[in-house]
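Me: Pick one part of this model and take me through it closely. I'd like the surroundings sketched in as well, so that the part makes sense in its setting.

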Amino acid sequence: MNVESIPLALHKANIELQLRISRLLQENGHHWLESMQQSNAENIAETTAEIEGLLRSANWQALATLPVESFWRQFQNRVGDTQTINQLAVKNQAAFMAGVQQALESWQKAVAETLNTGDSEQSLPDIFAQWGAAWPPAVGSRKKTARKGAN
């Protein structure tokens, strides 16, 4: 690999890393969306069953105790839902972080391969010196500015 193709290879490695992280974020969001949709569908089914049971009931005394029973049943269900959501959160986060770690390892490997396959005659500091050669006036102008500020 010649010196001119190194910036392109590094740019490609960076773009690939961004793409992989974007995909991981989309997948993670998709998992969350599926989890919340499932939870909401279950909640709607429970509420519908309770309402239908209420409509079929002819016992006024049972109807009078329904709010208290419904509250505790809903409370217990929500505690269970919270535990399930927490478990899903940990699972999703672990999968996301494993994917990010793999993406970073691949990126690091691609960058290392790009920098290590350069011409063996030209060392890495020489390559950076060559890239920095385009900006010597900027370095010199800072020195002039610093001298002007000292006056």
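Reply: Let's settle burial before anything else: a residue is buried under 20% relative accessible area, exposed over 50% and partly exposed in between (1.4 Å probe, protein chains only). This is a predicted model, where local features need pLDDT of at least 70 and side-chain atom pairs pLDDT 80 or more, while totals for chains, interfaces and linings use all residues. Numbering runs from 1 along each chain as its sequence is written, and side-chain values rest on heavy atoms, with hydrogens and water left out.

My pick is helix α1, which spans residues 6-56. Helices here are DSSP runs of H or I with at least four residues, strands are E runs of at least two, and numbering goes from the N terminus. Helix α1 holds 51 residues and covers 75 Å from its first C-alpha to its last. That is close to the expected 75 Å, taken as 1.5 Å times one less than the number of residues.

Which residues of α1 are buried? The list is I6, A9, L10, A13, L17, L24, N28, S35 and S39. So there's leucine and alanine in it, but also an asparagine and two serines.

N28 deserves a stop. This asparagine sits in α1, and why does N28 count as buried? Because its relative accessibility is 14%. Leaving aside residues up to four places away in sequence, N28 touches N92 and F96, a contact being heavy atoms within 4.5 Å.

Further along α1, buried S35 takes us over to L88. The two residues are 53 apart in sequence, yet C-alpha to C-alpha they are 7.8 Å apart in space. L88 belongs to helix α2, which runs over residues 60-116. At a relative accessible area of 25%, L88 is partly exposed, whereas S35 is buried.

Also in α2 is F75. Its relative accessible area is 43%, so F75 is partly exposed.

Now for the setting. The chain has four helices and zero strands, and its elements read α-α-α-α from the N terminus on. Of its 151 residues, 14% are buried. Take the contacts between residues at least 6 apart in sequence: 83% of them join residues at least 24 apart. As for the outside, the accessible surface comes to about 11,600 Å², by the Shrake-Rupley method with a 1.4 Å probe. Carbon and sulfur atoms account for 60% of that surface.
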